[in-house]
Amino acid sequence: MRDVIIVGAGPGGSATAKHLSEKGYSVALYEKRQEIGAPKRCGEGISLGRVERLGLNPPKNCIRQKIDGAKIYAPSGKAVEIDYGKDSGYILERKMFDKWLAEEAARKGAFVQAKTYIKDVVRERGRVSGVKGESCSEKFEEKSKILVAADGVESKISRVAGLNTTCNPLLIDSGVQFEMAGIEIEDPKKIHLYFGNKIAPRGYLWIFPKGKDVANVGIGIIGNCTIPAIDYLKKFVENKEELKKGSILEVNAGSIPVGGFLKKMTLDNFLIVGDAAYQVNPIHGGGIYEAQFAGRIAAEVIDEALQKKNTSDKQLNKYNIEWWKQRGNSLRKIEKLREVVENLSDEDFNYLADKLTGEDLVNFTRGNSLVTLAKLLLKRPHLIKLAKALF
Amino acid sequence: MFKWNKNKCLRCGGCISVCPNDALELTEHGIVRDEKKCINCGICELFCPVGAIKVKKNENK
């Protein structure tokens, strides 16, 4: 009998496992894939402030490139540059980073096991009381006081456990990513983001440098697009001088949640962490930070519940309350910004690129100064309705 | 009708995440559809990042 079983060894699962093991609980962390961290489904960027806020000190082999800003390109080609003047973010090697996070959990005493597919939950008097699965093709069953679903955006565990987490499919972006080498990157210390309805409908296309001639090049687009995301990415690469001679070392795909936060992420003896609960920043789809932050909140709530020997839904509801207080409400604000962005035409993008500075953009992605944006939108009659949503 | 192209598919599970009726599963044989649950809505086809799924809508329904 475990205190806690966690399904999914991504950043959210590993963080939850680490924090709980540190507190002395018996924790098992199961990963479906044969290798933690691979294949990745990610742009691999995270800001330094976020890394510090999580209290992480990742080893050098997890960091491919230090970033000091961003270049954001409007459909016209005009770039708005954000320059922090100092290192402000990392492009990670997710394979190494995820594995390191799992190592950290193991180091603190968690039992981590890859190639273990959890198919179903076990119940006692109707309440979730453990898992059923297959570990390296051996069937097994294990009991736990609490079960944590950190099994990603296609989370099956939450649904089998009895939480309806199906969200509007339009709140999930369709993503593809190439790891490219032998390319030219003009400014490897900046991340490069391309917007426009012909380039990446609703979403954006990114070039995240991993050195002077290697990059994570990817795209996320609205999920109901009749042209597959990979076609947009191929077209961009073929038409870009700096990229078209390059090699493709990896092809990855995946879904990127961009909203649809859940009010209720708990049941008796059960809670959800990370992408499985759509905990991402809805403007850029980044979830590495959100998942780990939520993992920490989850660990604190679980700690209290186990100490009180009360793991009921009512007790675990603290997780819903705390997550919404600390993250949900501000992410909801950012979601409004995304709703505006997805309604912009290429002309609107070009207009904004002329009017906005890099500093403005940074503020917006943090959910600040949205009134500035709203005022600009008001000057375009067809955008008045959108602007109102921001006030 | 549900056609899954195993050569195009990257096994990313995207179709599973958008399926409104929980009808898809990623197994060692690839994407498997539960015919009883599938409502032929075609969301998975539109969503698939690499165009590996074709759904013919509402045949016999």
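## Exercises on a predicted two-chain model

A:Leu386 touches A:Glu339, A:Val340, A:Asn343 and A:Leu344, leaving out residues up to four places away in sequence; contact means heavy atoms within 4.5 Å. This is a predicted model: local features need pLDDT of at least 70, side-chain atom pairs count only at pLDDT 80 or more, and totals for chains, interfaces and linings use all residues. Residues are numbered from 1 along each chain as its sequence is written, chains are lettered from A in the order in which they are written, and side-chain values use heavy atoms, without hydrogens and water.

**Exercise 1.** Place A:Leu386: which helix holds this residue, and is A:Leu386 buried or exposed?

*Solution.*
- Start with the element. A:Leu386 sits in helix H12 (residues 384-390) of chain A. Helices are DSSP runs (H or I, at least four residues) and strands likewise (E, at least two), numbered from the N terminus.
- Next, take the accessible area. A:Leu386 has a relative value of 16%, so the residue is buried. Buried means under 20% relative accessible area, exposed over 50%, partly exposed in between (1.4 Å probe, protein chains only).
- Then compare sequence with space. A:Val341 is 45 residues from A:Leu386 in sequence, and their C-alpha atoms are 9.2 Å apart.

**Exercise 2.** Find the largest nonpolar core and say how many residues it has.

*Solution.*
- Apply the rule. A nonpolar core is a set of buried Ala, Val, Leu, Ile, Met, Phe, Trp, Tyr and Cys residues joined through side-chain atoms within 4.5 Å.
- Count. The largest has 109 residues, and A:Phe270 and A:Leu147 are among those with the most contacts inside it.
- Find the main contributor. Helix H7 (residues 288-307) of chain A gives this core its largest share, 11 residues.
- Look apart from this core. Another core has 38 residues, including A:Tyr232 and B:Ile16.

**Exercise 3.** Describe how chain A meets chain B.

*Solution.*
- Count the residues. 25 residues of chain A contact 19 of chain B.
- Add the area. The two chains bury about 1700 Å² between them, 59% of it on carbon and sulfur atoms. Buried area is the accessible area (1.4 Å probe) that two parts lose on being put together, summed over both.
- Name the main suppliers. A:Lys156, A:Arg159 and A:Pro169 supply 27% of the area that chain A buries against chain B, more than any other three residues.
- Check the charges. Two salt bridges link the chains. A salt bridge is a side-chain nitrogen of Lys or Arg within 4 Å of a carboxyl oxygen of Asp or Glu. One salt bridge joins A:Arg159 and B:Asp22, at 3.1 Å from N to O.
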